[in-house]
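Okay, thanks everyone, let me get the model up on the screen. I'll take you through a sheet, then the way the chains sit together, and finish on a pair of helices.

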There are 2 protein chains.
Amino acid sequence: MYIGIDLGGTNIAVGVTDENGKIAAKNSAPTIASRPYTEIVADMAELCVKTAADANIGMSDIKAVGIGSPGTVDSESGVVVFAGNLNMEKAPITAEMGKYFDMPIFAENDANAAAYGEYTVCAHKTDSFVFITLGTGVGGGVIINDKIYRGFNGAGAEIGHMTLKMDGEQCTCGRKGCFEAYASVTALRALTMKKMKEDPSSLMNDWARSHGHVSGRTAFECAAAGDRTAIETRDVYLRRVAEGIVSVVNVFQPEILVIGGGISREGDVLLKPVKEYVEKYDFNKFMPKTEIRIAKLFNDAGIVGAAMAAKKRTEAV
Amino acid sequence: MYIGIDLGGTNIAVGVTDENGKIAAKNSAPTIASRPYTEIVADMAELCVKTAADANIGMSDIKAVGIGSPGTVDSESGVVVFAGNLNMEKAPITAEMGKYFDMPIFAENDANAAAYGEYTVCAHKTDSFVFITLGTGVGGGVIINDKIYRGFNGAGAEIGHMTLKMDGEQCTCGRKGCFEAYASVTALRALTMKKMKEDPSSLMNDWARSHGHVSGRTAFECAAAGDRTAIETRDVYLRRVAEGIVSVVNVFQPEILVIGGGISREGDVLLKPVKEYVEKYDFNKFMPKTEIRIAKLFNDAGIVGAAMAAKKRTEAV
């Protein structure tokens with residue numbers, strides 16, 4: 001059995017999985033990100049013991065632990081080099097975790113871990129796989145020849161920071177016009193609010209009043225109800241997503257491209273127009289086409305991927 | 001010894017190289033692309049024999065032949081699936097070449113072959129390498145773990161068709177706003193002509209009159225002479241190039257990124273501002289940085305890369 005830990009800015013999620021990534025038990029606890037990393041790791045260790053017990057095993061039955069962390073992670077040394085939303089800088093989290101458990105412990109960037117999770121549940125192994133999360137930000141992971149692609153320095157596969165529109169919307173990374181600045185839930189919310197203001201009669205304004213907020217679902221739900229401005233909002237957003245995915249496909253031509261993150265719960269409403277757009281604008285006109293899918297694991301992708309990447313790395317030793 | 005063939009829309013270039021890619025002899029002949037592929041291959045074969053003779057060896061001393069071809073190339077089967085500027089569709093060029101020589105013969109996309117050529121002359125082997133050509137179009141090649149990255153269908157690494165500006169300039173691929181539509185020599189010429197029109201007093205107009213045409217060098221040469229509009233033209237172009245390279249770096253974080261193609265002959269005038277821009281806007285702020293270089297092989301990259309990729313594939317068999 002393996003343990004996968006999805007260390008987030010808000011919650012720590014821990015899961016015990018079998019050799020195939022099937023979750024036997026899972027638990028979570030608040031991260032309280034302002035704390036020193038040693039305290040966060042102490043809570044992670046406690047959650048591991050608890051979750052193993054819930055799965056009716058002991059920690060001695062665990063072959064390896066994998067941790068997925070946001071930010072820049074040096075997966076060779078197991079150090080979180082920098083993670084703004086965790087208040088961590090050069091935090092040796094695998095070494096710290098090693099004080100609790102005498103077993104192989106590995107760390108990965110969280111988007112890479114999630115990508116590896118979705119990759120493991122594909123029907124067949126493929127030599128080229130891309131995962132894109134449309135969440136608060138836009139994350140990504142690339143699996144080539146059964147390995148997480150990290151670039152030479154571990155910081156690769158930042159698909160959210162490919163350019164979509166030079167000199168366009170401000171991105172959190174300091175540049176303008178990144179894919180993330182157009183395809184994240186944050187960007188969709190900003191677009192939704194702009195369109196609501198332009199059309200006060202739009203159903204989206206009623207939705208916002210009754211829900212007390214605007215979310216990534218506002219435009220999708222009101223579009224489904226037939227509201228014209230909501231349909232326009234949704235379609236502008238989807239075209240931006242599709243445009244970025246064409247760019248990714250032209251670069252990687254992956255056999256499978258999986259879309260995850262909050263927006264992916266829209267299912268076919270997201271998938272169908274994106275597929276049609278990529279089919280039309282993909283540079284490749286003569287060879288087999290990338291298969292585009294919706295994620296299967298959703299929130300569990302981080303846990304499963306961290307566990308399975310740890311398994312893979314244990315086997316490689 | 002190996003033979004590398006750079007099959008272009010205008011010329012066929014053939015080179016005999018040693019085990020390290022050093023060219024012992026080379027020759028070229030017009031492609032006459034309107035002909036059936038069988039005639040083109042016949043000329044390629046004749047050039048091989050001639051070039052081997054020039055290198056004082058016979059074809060029996062050649063271990064393998066590599067062909068770099070434009071368009072969509074199925075490198076597994078050795079078929080040029082489609083190449084518009086060669087008038088080829090489903091042309092089995094390695095099988096046809098096999099009628100002349102009884103030895104391993106391989107085909108690659110020409111940009112991939114050139115990338116592999118530049119990769120082989122790097123000071124050291126690296127596990128992540130990207131090559132970008134700024135020529136008539138923008139081509140690219142990616143070498144990961146000593147292998148040409150092709151995607152699952154062989155059509156990958158089309159770096160010229162990453163999005164740079166959604167809804168921007170028309171690209172030859174049918175989409176708008178591709179990197180190629182901003183960073184190619186074609187795009188630079190269009191920008192130059194636009195700026196010349198806006199400022200009839202610019203030195204670039206004199207340059208064009210005295211040379212009888214506008215080229216990718218017009219803006220660079222007039223900028224070097226201090227012409228303000230030429231400097232502006234050059235800098236607008238260089239920023240577009242740099243913006244696309246940031247995008248590539250954010251995705252691949254390659255250890256080495258090499259810029260080739262006609263524009264790369266500008267050397268430091270190109271390299272310095274691009275490096276500064278990437279240094280500033282690269283998403284990676286905490287790990288070692290990609291090293292950006294100018295190509296070393298220029299026009300020989302295709303020959304050397306085709307030969308060395310053929311060598312690599314022979315060894316892998």
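So, let's begin with chain B, where three strands make an open sheet in the order β5-β6-β7, paired antiparallel. The edges are β5 (72-74) and β7 (88-91) of chain B, and each of those pairs on one side only. Going from one strand to the next, the twist averages 15°. One thing to keep in mind as you look around: this is a predicted model.

Quick general reminder: strands in a sheet pair through backbone hydrogen bonds, and they can do that parallel or antiparallel. Here, β5(B) and β6 (residues 79-83) of chain B run antiparallel, with three bridges joining them. If you want a residue to click on, try B:Thr72, whose bridge partner in β6(B) is B:Phe82.

Hang on to β6, since we meet it again at the interface. There, 40 residues of chain B are in contact with 40 residues of chain A. Which elements of chain B give two or more residues to the side that touches chain A? They are β6 and α8 (228-252) of chain B. Of these, α8(B) supplies the largest share, six residues. By class, the chain B side that touches chain A splits into 19 nonpolar, 15 polar and six charged residues.

Now, how do the two copies relate? Chain B can be laid on chain A by a turn of 180° with a shift of 0.0 Å along the axis, and the RMSD is 0.0 Å. So what we have is the relation of a two-fold axis. In chain B, the C-alpha nearest that axis belongs to B:Lys165, at 2.0 Å. And the same surface serves both copies, with 100% of the contact residues of chain B recurring in chain A.

Last stop, the helices, and for this one we switch to chain A. Helix α8 (residues 228-252) of chain A packs with helix α9 (residues 268-281) of chain A at an angle of about 50°, their axes 9 Å apart. That angle is why α8(A) and α9(A) count as oblique to each other. The crossing, as α8(A) passes α9(A), is right-handed.

Who's touching whom? On the α8(A) side the contact includes A:Leu238, A:Val241, A:Ile245 and A:Val249, and among the α9(A) residues they meet are A:Leu270, A:Val274 and A:Tyr277. A:Arg239 in α8(A) is also part of that contact. Sorted by class, the contact between α8(A) and α9(A) has 12 nonpolar residues, no polar ones and one charged.

Right, that's my tour.

Key:
Residues are numbered from 1 along each chain as its sequence is written. Chains are lettered from A and ligands numbered from 1 in the order in which they are written. This is a predicted model: local features need pLDDT of at least 70, side-chain atom pairs count only at pLDDT 80 or more; totals for chains, interfaces and linings use all residues. Axes are lines fitted to C-alpha atoms, for helices over the stretch in contact, and angles run from 0 to 180 degrees between N-to-C directions. Helices (H or I, at least four residues) and strands (E, at least two) are DSSP runs, numbered from the N terminus. Angles under 35 degrees count as roughly parallel, over 145 as roughly antiparallel, 65 to 115 as roughly perpendicular and the rest as oblique. A crossing is left-handed if the near helix is turned anticlockwise from the far one by less than a right angle, and right-handed if clockwise. Two residues are in contact if their C-beta atoms, placed from the backbone, lie within 7 Å. Ala, Val, Leu, Ile, Met, Phe, Trp, Tyr, Cys and Pro count as nonpolar, Asp, Glu, Lys and Arg as charged, and the others, Gly among them, as polar. Two strands pair if DSSP finds at least two bridges between them. Copies are superposed by least squares on the C-alpha atoms of residues with pLDDT of at least 70 in both.
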